[in-house]
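Colleague: I would like to go through some labels on this model and hear the reasoning behind each.
Modeller: Go ahead, one label at a time.

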Amino acid sequence: MNPEFKSPSAAFWPLVLIASAILMITMGARQSMGLFVSPMQASTGVSLVGISFALAVGQFFWGASQPVFGALADRYGPTPVLVWGGMLLAGGLALTPFMSTEWGLIVSLGFLTAAGAGAGSFSILIGAAAQRLAPERRAFASGFINAGGSFGQFVFAPLNQALIAMFGWMQALWTLALLSLATIPLAFKLGGKAPAPLAAGAGMGMREQLRIAFQDRSYWYLHLGFFTCGFHIAFLVTHLPGEVALCGLSANVAATSLAVIGIANIAGSLAAGAMGNHYRMKYILFWMYGSRAIAIALYLAAPKTPLTFYLFAAALGLTWLATVPPTAGLVGKLFGTRYLATLFGMTLLSHQIGGFLGAWMGGLAFVRWGNYDAMWWADIVLATAAALINLPIREARTGTVSA
C-alpha cells in the first residue's frame, strides 16, 4: 500500500458514478453554449463580438474559480462546494434570458454560470476521487469521471438544439437551469472530507505546496500545454456552429458534430485513464496534442460537407478533454494528492486563459476577415507547440511515485 493512502479504498463505482453524473450535467451545460449564440444575437441585438466576449469571460472565470473552489474542497470537503455550484449554475442559466446587453450577459454567463460550472468541474471531482481511492485506481477513475463530462456533451448538444428549435432559446435555457439543480442531491452522496494522507510532508501547508509547485519547471510546462487545450476547445464550442453556418450547412450539423465530439471523447477519456497506468503520461499528452494539429490540417484540406464535420469531430473527440486525466495524473505524481484540487485547479486556470482567448478571438477573427481561417492556423501552431512542451516534463516511470 502506498504510504500516501492510509484508509481502505472507498467504494469505487458509487464514487466515480456520482462524480461522473455531476460532471455530465455541468460540462453538458457549458459545452453546448455555442448553440445559443445565433438565436441570442438575433433576439437581443448584442453583436457576435459582444456575445463572444461574454462567453470568453465565462471561459476565464470558469478556470479562475477552480483554484478557489479547489482550495475550499481541500479544506471543507467537496459537498458544500458542489451544492453552491449547483445553485450558481442554475441561477446564471435562468437569468440569461432576461439579459439584453453585453454587460448583462457577462454577469449571467461570464460570472454566475461559469462559477457554478467551475464548482462542479474537474479539479473538485477528480481531486475528491483521488483522495479517496488507492493510487492504482486513480488514473482509471480520472478517465471515467472525465468521460462523464463528455457524455454530457453528447446528451446536451442535441437536446439543447431540439429545445431551441421547438420552444426557443429562452425556454431551452430555463430547462437547462432546472436540470442543473440535479447536481445538488448528488453532491450529498459524494461523501464528506477525505482522510488526510500520511505521506512525508503531509503536514505541509497549502501556501508552501503552491510555492514548491510554481518553482518546478515541469508544473509550468503542464500549464503551457493546457493553455493550448483551452484555446482550442473554447474556440470550437463557441464558434463551430458559426463555422458550420459559414459552410452553408444547417444548425443540426453543428449540434450533431458537438455530440460526436462528446461520444468520441468517452472512448478517449477511458483510454487515457487506462493508459495512465501503463505509459508515461507526458508521452500520452504529446501524442494527443500532436494528433490535433494533424486533424485540423486535414479538415482545412477537405471539402466542407456534413460527413467532413462528423469525421473531424470524431478525430478531435478522441483527445478533446482526454488531456484531463494525464494532466491531473502528472500533477498528482509530482506533488501528491493532498492539495490536488488546488494544484490542478491552478492548471485549469491556465487552460481557461487559453479558453478566454479562443472564444473571444474567434469572434474578432470572423468580424475582421469574415471567416475563421486565422484561428485554424493558430490552432495548428499551438497544438504542435503543446505537444513538444510536454516532452521535458519530469515524470517518474510507470509504477513509481515522484518525490
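Colleague: Why is Glu208 called partly exposed?
Modeller: This is a predicted model, and the relative accessibility of Glu208 comes out at 33%. Buried means under 20%, exposed over 50%. Glu208 sits in between, so it counts as partly exposed.

Colleague: What makes Glu208 and Arg211 a salt bridge?
Modeller: Their side chains meet at 2.5 Å, N to O. The cut-off is 4 Å, so the pair qualifies.

Colleague: How do you know that about one helical turn separates Glu208 and Arg211?
Modeller: Both lie in helix α10 (residues 206-214), three residues apart, which means about one helical turn. Arg211 is partly exposed, with a relative accessible area of 40%.

Colleague: How many salt bridges does a search of the whole structure find?
Modeller: Three. One of them joins the side chains of Arg394 and Asp216, at 2.3 Å from N to O. That pair links distant parts of the chain, 178 residues apart. Arg394 is in the segment after α17 (373-389), and Asp216 is in the loop between α10 and α11 (217-246).

Colleague: Why is Asp216 called buried, and Arg394 partly exposed?
Modeller: Asp216 has a relative accessible area of 12%. That is under 20%, so Asp216 is buried. Arg394 has 38% relative accessibility, between 20% and 50%, so it is partly exposed.

Colleague: What makes Glu395 and Lys333 a salt bridge?
Modeller: The N to O distance is 2.9 Å, and the limit is 4 Å. Glu395 lies in the segment after α17 and Lys333 in helix α15 (residues 324-335), so the bridge ties together parts 62 residues apart in sequence. Glu395 and Lys333 are both buried.

Colleague: Why is α7 called roughly antiparallel to α12?
Modeller: The axes of α7 (residues 135-167) and α12 (residues 251-275) cross at roughly 170 degrees. Angles over 145 degrees count as roughly antiparallel, so the label fits. By class, the contact of α7 with α12 has 16 nonpolar, ten polar and no charged residues. The two axes come within 7 Å.

Colleague: Which residues form the nonpolar patch on the surface?
Modeller: Tyr283, Trp287, Leu388 and Leu391, with about 450 Å² of accessible area together.

Colleague: What makes Tyr283 accessible enough for a patch?
Modeller: A patch residue needs over 30% relative accessible area. Tyr283 has 39%, so it passes, and it counts as partly exposed. Tyr283 lies in helix α13 (residues 281-301).

Methods:
Residues are numbered from 1 along each chain as its sequence is written. This is a predicted model: local features need pLDDT of at least 70, side-chain atom pairs count only at pLDDT 80 or more; totals for chains, interfaces and linings use all residues. Side-chain values use heavy atoms; hydrogens and water are left out. Patches are made of residues with over 30% relative accessible area and no salt bridge: like charges are joined within 9 Å, nonpolar side chains (Val, Leu, Ile, Met, Phe, Trp, Tyr) within 5 Å. Accessible areas come from the Shrake-Rupley method with a 1.4 Å probe; for residues, only the protein chains shown count as cover. Helices (H or I, at least four residues) and strands (E, at least two) are DSSP runs, numbered from the N terminus. Buried means under 20% relative accessible area, exposed over 50%, partly exposed in between (1.4 Å probe, protein chains only). Axes are lines fitted to C-alpha atoms, for helices over the stretch in contact, and angles run from 0 to 180 degrees between N-to-C directions. Angles under 35 degrees count as roughly parallel, over 145 as roughly antiparallel, 65 to 115 as roughly perpendicular and the rest as oblique. Ala, Val, Leu, Ile, Met, Phe, Trp, Tyr, Cys and Pro count as nonpolar, Asp, Glu, Lys and Arg as charged, and the others, Gly among them, as polar.
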